[in-house]
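Here is a walk through one protein chain, from a pair of cysteines outward to the whole fold. Keep the structure open as you read.

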Amino acid sequence: MEKEKISNNELKALGINDNQILESFSRVANGLLKHHVMGRAEILANLEALIADPMPYALKKGGKFKNLAEIVIELRKEGKFVKQERGNFKLKEEIADFPVYGLEHIEVGALAQMRTAVQLPIAVAGALMPDAHQGYGLPIGGVLATKANTIIPFAVGVDIACRMCLSIFEMPATTIDDKTDHLKSLLLKNTNFGIGGTTKSYFDTSLFDSKIWNETKVIRTLKDKAYAQLGTSGTGNHFVEWGELTVADDALDGVPAGTYLALLSHSGSRGFGGSVADHYSKLAMVKTKLPAEAKHLAWLDLDTEDGQEYWIAMNLAGDYASANHHEIHNKIARDLNLQPLLRIENHHNFAWKEQLADGTEVMVHRKGATPAGAGVLGIIPGSMSTPGFVVRGKGNAESINSASHGAGRLMSRSAAFKTIQRDLVTAELHDKKITLIGSDLDEAPMVYKDIHAVMAAQHDLVDVLAKFQPRIVRMADARERPED
C-alpha cells in the first residue's frame, strides 16, 4: 500500500474551497502525519475545529496549527476564505419497522437506540435480539443492515470479533468431578487474563506470516502488541471454562448422543482490535456528521481509503481473535493428550457482506448477535452458573439471519457492586457445583437475564442442539477493570 497521506478530497470535505488554503492545510497535515506527530483522525479533528474557530489555535504558543489559524483569520478579514458549511447528514423522518424478539426483556434505552439506527440514511433493515441492552450507537444485541458500501465501526463494536469457541472431548463429563484439580491446573497454565496480559509461549504463530500485517500503518504499528497478546483473554465477561455438554440424538455430526467434557471460551481481538476500533470510530465521526443522538453511528465509505483500511483491519482482527481461541484450546488439548471430537466457533461483534431475502446486497452489522443463517452452528452462553447452548440457525429472514449472543445484562457493573450480595453469589456457585477462578460481583449470575427466557424468545431463530453447563470457570481477577 502507498505511504499514508491525507488527501485533498478529505480536506475539502471539511469545507475548504480555496486552492491556496488547501495547499497550506495539506502541507501541515501531511507533515504531521509523516513525522508521526499525531494520527490521521486527530489531525482531521483538529483541522475541523480550527476551521470552525481558529482563534484558540492562533493564541496557542508553539501550537502545531498556529500558522494555519493565523492564515485563516487574515484571509477571513479580507473576505478571501469563507468556511463552507458542511452538509450534515440528516436522519430519515420515518422510523422503519423492525422486529424485536423478547420485547418484555429489553430496556427502553436499547429500543430507542435501535429506532435511531434504522433512521440512518444508509440503513436498510434492522432487528433487535432478546438479550439486547444499551451500548454506544447500536445497542448490544442489535443487528443493522446498511448499504453495501458502508460500514459503521461502533456498530461492529469496540471488541472487534469478540467470539465463542467450544471444544468437545471424548471424555465423560464426570471427569470434572474426578479430576477437578488437574482440569483447574490446565486453565491456570494455559490461559492469561487481564489488561495488557501477554503470552510466554506459543502453539502456532503462523497468522503473523501474513502480508496483511503490512497493509496499513495502523496495522503495522499494532503488530507487536497483537503478537505479544496472542492466546490471552482480557477482562469483563471474557472467560475460559470447563463444563458438561449434553448432546441430543443425531444433533451434531461425529458426536453421538451423550454427556461430554467440553471447553468453552469467550473473548475477542484484545488490544489490537480495541485500538483499531478507537482509531476508525473517531475517524468516522470526523468524516460523517450526524445529529447528537446518532453520532456514534457514523460510517465509513468502503469506496474510500479509510473505509478500505478499516475493512482490512476488521477482517484481520477476526482472524486474530480466532487464533487467540485456537491457541488456548490447542494448548489445553495438547496437555490433555486428546484432540477434540468437534470444535464449534462464531463471531458476534462483526460486519459481513450479505444479501437480504430479496437479493439486496447489504453490510450486516451484528453487535452482540450470533449469525443464524440456515444450518449455521453457533454458541449462545448464559452466565457462570447457568447453561449455554449450541444452536443451529433457521435462516429467519426477518431477524436478518441472527440470534442473541448470550443472556444479556440486567444491570450495569456499578449497579452490581452496589446491589449484589457476595454471600448469595457464593451460595449460588456452591449449589451449582461451580469452581470459580477470578471474577467479581459485576459478573455474578444475578446481573444477567434468565437465559431460558431469552432462548424461548428466539425459538423461531435457532434450534437447540446441545446444552453446556459451566463447572470450572476462569475469568479476570477482581482487581482488573473491564476493557469493554
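**Cysteines, fold and salt bridges**

Cys165 counts as buried, because its relative accessibility is 0%, below the 20% cut-off. Keep in mind that this is a predicted model. Cys162 is buried too, at 5% relative accessibility.

Are these cysteines bonded to a partner? What does a search for disulfides give? Across the whole structure it finds 0. Cys162 takes part in no disulfide, and the nearest cysteine sulfur, that of Cys165, lies 12 Å away. Cys165 is likewise in no disulfide; for this residue the nearest cysteine sulfur is that of Cys162, at 12 Å. A disulfide would need the two sulfur atoms within 2.5 Å.

Now step back to the chain. It holds 15 helices and 16 strands. Its radius of gyration is 24 Å, close to the 23 Å that the globule rule gives for 484 residues, so the chain is as compact as a globular protein of that length. Along its principal axes, the C-alpha trace spans about 85 × 50 × 45 Å. Of the 484 residues, 55% count as buried. The accessible surface comes to about 21000 Å², and carbon and sulfur atoms make up 50% of that surface.

How is the chain's contact map built? Take the contacts with a separation of 6 or more: 77% of them involve residues 24 or more positions apart.

Helix 11 is a good place to look at packing. It covers residues 270-287, 18 residues in all. From first C-alpha to last it reaches 26 Å, close to the 26 Å expected at 1.5 Å a residue. Its buried residues include Arg270, Phe272, Val276, His279, Tyr280, Leu283 and Val286. Gly271, Gly273, Ala277, Ser281 and Ala284 are also among them. What covers these buried residues? The cover includes helix 3 (40-52), helix 7 (153-156) and helix 10 (217-228). Strand 7 (300-301) and helix 12 (305-336) are part of the cover as well.

Next come the charged pairs. A search of the whole structure finds 17 salt bridges. One of them joins Asp306 to Arg40, with the closest N and O atoms 3.3 Å apart. Asp306 lies in helix 12 and Arg40 in helix 3, so the pair ties together parts that are 266 residues apart in sequence. Both of those helices appeared above in the cover of helix 11. Asp306 counts as buried, because its relative accessibility is 2%. Arg40 is buried as well, with a relative accessible area of 1%.

A second salt bridge pairs Glu345 with Arg163, the closest N and O atoms being 2.6 Å apart. This pair links distant parts of the chain: Glu345 is in strand 8 (residues 342-347) and Arg163 in strand 4 (residues 163-172), 182 residues apart. Is each partner buried or partly exposed? Glu345 is partly exposed, with a relative accessible area of 28%. Arg163 is buried, at 6%.

A third pair spans less sequence. Glu354 and Arg366 meet through their side chains in a salt bridge, 2.9 Å from N to O. Glu354 lies in strand 9 (residues 349-355) and Arg366 in strand 10 (residues 361-367), so the pair ties together parts that are 12 residues apart in sequence. Both residues, Glu354 and Arg366, are buried.

Finally, some salt bridges share partners. They join Arg409, Arg413, Asp442 and Glu443 into one network.

Methods
Residues numbered from 1 in each chain as written. Predicted model: local features only at pLDDT ≥ 70, side-chain atom pairs only at ≥ 80, totals over all residues. Heavy atoms only, no water. Helix = DSSP H or I, 4+ residues; strand = E, 2+ residues; numbered from the N terminus. Expected span 1.5 Å × (residues − 1). Buried < 20%, exposed > 50% of the residue type's maximum accessible area, 1.4 Å probe, protein only. Contact = heavy atoms within 4.5 Å. Rg over C-alpha atoms; globule rule 2.2 N^0.38 Å. Areas by Shrake-Rupley, 256 points an atom, 1.4 Å probe, with all protein chains shown as cover. Salt bridge = Lys/Arg side-chain N within 4 Å of Asp/Glu carboxyl O.
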